[in-house]
Amino acid sequence: MTGATSVLIVEDDYKILRVFSASLEVEGYRVVDASNGQQAIEQVRTQNPDVILLDLGLPDIDGLALVPTLRSHTATPIIVVSAREQDADKVKALDAGANDYLTKPFSVPELLARIRVALRSRAQVGSLPRTTISFGDYRLDLVGRRLWRHDRPILLTATEFKLLATLARRPDEVVTTSTLLREAWGSAHQSKKGYVRVYMHSLRQKLETDPARPRHLVNESGLGYRLCTSQ
Amino acid sequence: MAKRVRARGGPATRCLLGIATAAAATLLALWLGGRHDLTNTVIGYLFAIALVSMGLGYRSAVLAAVTSALCFDYFFLPPYGSLNINTGRDWATELSMFGVAVVVSSLNERLRRQACAARLSERRMESLYGLVKDLADAHSMSDLLTAGLRQMESAAAVAARILPLDGKNGFRSVIFADGQGDPTGDDLISATWVADHLQPAGRGMRDLSEAEDCFLPLLAERGCVGVLAIRPLETTSDADLRPSSLLQTMARQMAMAIERILLSEEKRAAQIEAETEQIRNAVLCSVSHDLRTPLTVITSASSTLVEHGNRLKSPVRAEMSRLIYEEAQRLGALLKSLLDVTRLQAGRLRVNRDWESLEEVVASVLRHVDARTGQAKWRLRSYLASDLPPVEIDAVLIEQVLLNLVDNALSHAKTDLPIEISISAQDGNDVLIAVTDHGQGIRDDELTLIFDKFYRTHGDSGSGLGLGLTLAQGIVASHGGKIWATPTPGGGLTVQFTLPITGAGPTNLEEEALEGERARAR
């Protein structure tokens, strides 16, 4: 074992695997690979990777079914990789505990960016829950339930605050609409996705300088939302 | 004379009325001094009996005739006050009166029966005509089934429902005259038995007689196409439990109509299948060239890198790699549009509708275009009305439509003037979305042609396949909207589409607003 950050790639296509490992190794990551679900579980147990890159189309097991299994073994961030036809599976994987997704074909810089976000979220696992989260000019006080822009408070309704807090607890990761509904409204409101849009609109009016080109509250069509913390 | 009474009330009442009429005729004749004029008395009695037979039926008429004969004998034939008859002439009068009365009654009865049968058959014809007309007018299976059931329920006092039999899947639903639902377990068991044995069963039948309904198989040429369940609204005797011949005829008509719809549905499916095949062929022919171009670049550039990589100067190597990357991306985009269009045309495009905000869809489009083109952001502008209602759409697909329109505008309007996305609500029924460019536009005759598969505008040497607008049109149509192109005033092209506003979507609750105000007041 070296001290380098390790990435587990679960991918059945050898060529794709080679390209990814080469690109990641250049960046200084240690790559562990698995070509099927069984190996993936084995590698997670023995190698304890820092990030898991999981292809949803695996030969022996549905990648989707693997997400909860992996989750039961480890809190390591999981990034699911899917073909465009598996859009619906993507949402299910995220709801099942995956942290982020990538759609094939994607470029290596995209992959690296997602891995960096995932690693940051891993760094938070185990540490004390954060009480304030900063993004852009804003500071969200999770305990005092306040939002500050520089030093001016911004008035949020209860629902708006819950939505923002849910996004802020997983900065830069995509949070599905149904997760937002569950956190902000409770589990009885799973069919009311329209409400999320309505409240996200008012939230954007309050936070974004140009709501037509939001910088922080970014919508991922068909999936959910992402709170972008970088400028 | 006795009033004419409709053949109504219980049989006992009617018989009593018959006797009473005869008695009344007797009293009237006595009062008028009928003993001195037996001829008119007899005619009076016959008249009364004829009236009874017309109004109260055969049995009452016979009773009236017997009563009349006895009364005539007792009161009008000497010796008065006795049933004895002395002379042969009186016997003849008595007997012929009784005989004529019976003959008149039976003639009347026969007439009545015929009229009754005629009325019944007229009603049958009316019901059947109504059914056939409704069945012929129905264009979809659900229309047909509900229309047929409604006709049956109005033709006979029954509650009817149909379990359509889907060849592969068995009984999946149950259709009522006013809607549909899931079949109950009992229904499924009975319907499956009926479909297997092709015989009616259920209440009043030999088989499954403990069921509450009577189940009839709907038999067409291909076999059983469904099962009709009938439940009489009024509890009647066991003999009446079997469905009338009218209902059976109606069931046969229904079966034929169902088969007709099934056939036309199968024909349509076959057409789609054939069309898909056609598209596939057309795609293979016309697309191979477009796909081969980027492939050639990728193959040659990468092989150069493999063979001579270390002899190439670094900028050349970078150039080759960049070419591979760009052409691979282009190839990916081409394949994506091909796949999308094939899926759309094959009817396999899944539309997952939900309440979405167009503001977000546009934001997503802007983000994609900004990131991909790296163009200065002023090239793409959005103008959204502030009162846009939420719409029920598939956000991913509508985003695709907008992306296609914007891409077209970016690549064809060879100008630096900005491209505009504008959205406004139209008269409460539709949202109008327009993508406007200020380029050189297209020829008027091309305004409709551009939506055709593989059509490229005059002088277009672009890298697309000519599928973007076809796909956009298909997606918009699947949302119940329209898409069309117009010249932009002052030059350029505007493509607009509508999306229907399907109802009141979710709104920000006033409660929340109030809460905000309260917090402000604090």
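1. In this note, two strands are taken to pair if DSSP finds at least two bridges between them. The model under review is predicted. On that basis, 5 strands of chain B form an open sheet in the order β9-β11-β12-β14-β13, and the pairing is mixed. The edges of the sheet are held by β9 and β13 (483–487) of chain B; each has a single partner strand, so one side of each is left without a neighbour in the sheet. On average, neighbouring strands of this sheet are turned by 20° against each other, direction ignored.

2. The pairings around β11(B) deserve separate mention. Strand β11 (residues 419–426) of chain B runs parallel to β9(B), to which 5 bridges join it; within this pairing, B:Ser382 stands opposite B:Ile421. With strand β12 (residues 430–436) of chain B, β11(B) pairs in the antiparallel sense over 7 bridges. In that second pairing, B:Ile423 faces B:Ile433, and B:Ala434 is the bridge partner of B:Ser422. In general, strands of a sheet pair through backbone hydrogen bonds, either parallel or antiparallel.

3. The connection between β11(B) and β12(B) is a hairpin, with 3 residues between the two strands. In its turn, B:Asp427 has a positive phi of about 35°.

4. The contact between the chains takes 22 residues from chain A and 28 residues from chain B. On the side of chain B that touches chain A, the elements giving two or more residues are β8 (354–356), α9 (358–373), β9 (380–384), α10 (395–412) and α13 (510–521) of chain B. The largest share of that side, 8 residues, comes from α9(B). By residue class, the same side of chain B divides into 11 nonpolar, 8 polar and 9 charged residues. Strand β9(B) thus appears both in the list of contributing elements and at an edge of the sheet in point 1.

5. The largest nonpolar core holds 56 residues, of which A:Leu8, A:Val10, A:Leu53, A:Leu54, A:Ile79 and A:Val80 touch the most other members. Helix α8 (residues 193–207) of chain A gives the most to this core, with 7 residues. Domain 1 (6–124) and domain 2 (132–227) of chain A each supply at least three residues to this core. For A:Ile79, not counting residues up to four places away in sequence, the residues touched are A:Val51, A:Leu53, A:Leu54, A:Asn99, A:Asp100, A:Tyr101, A:Leu102, A:Arg114 and A:Ala118. Apart from the largest core lies another, of 41 residues, among them B:Leu402, B:Leu405, B:Val406 and B:Ile423.

6. Three backbone features in loops should be recorded. The peptide bond from A:Lys104 to A:Pro105 is cis, with omega near -5°; A:Pro105 is placed in the loop between β5 (100–103) and α5 (108–124) of chain A. A:His150, although not a glycine, has a positive phi of about 50° and is located in the loop between β8 (146–149) and β9 (152–154) of chain A. B:Leu198 is not a glycine either, yet has a positive phi of about 55°; this residue lies in the loop between α6 (185–197) and β5 (201–202) of chain B.

7. Are A:His150 and B:Leu198 buried or exposed? A residue counts as exposed if 12 or fewer other C-beta atoms lie within 10 Å of its own. A:His150 has 7 other C-beta atoms within 10 Å and is therefore exposed. B:Leu198 has 10 other C-beta atoms within 10 Å, so B:Leu198 is exposed as well.

Definitions and conventions: Residues numbered from 1 in each chain as written. Chains lettered and ligands numbered in written order. Predicted model: local features only at pLDDT ≥ 70, side-chain atom pairs only at ≥ 80, totals over all residues. Contact = placed C-beta atoms within 7 Å. Helix = DSSP H or I, 4+ residues; strand = E, 2+ residues; numbered from the N terminus. Nonpolar A, V, L, I, M, F, W, Y, C, P; charged D, E, K, R; others polar. Core = buried A, V, L, I, M, F, W, Y, C linked by C-beta atoms within 7 Å. Buried ≥ 20, exposed ≤ 12 C-beta atoms within 10 Å, placed from the backbone. Domains from an automatic or database assignment. Axes fitted to C-alpha atoms, helices over the stretch in contact; angles between N-to-C directions.
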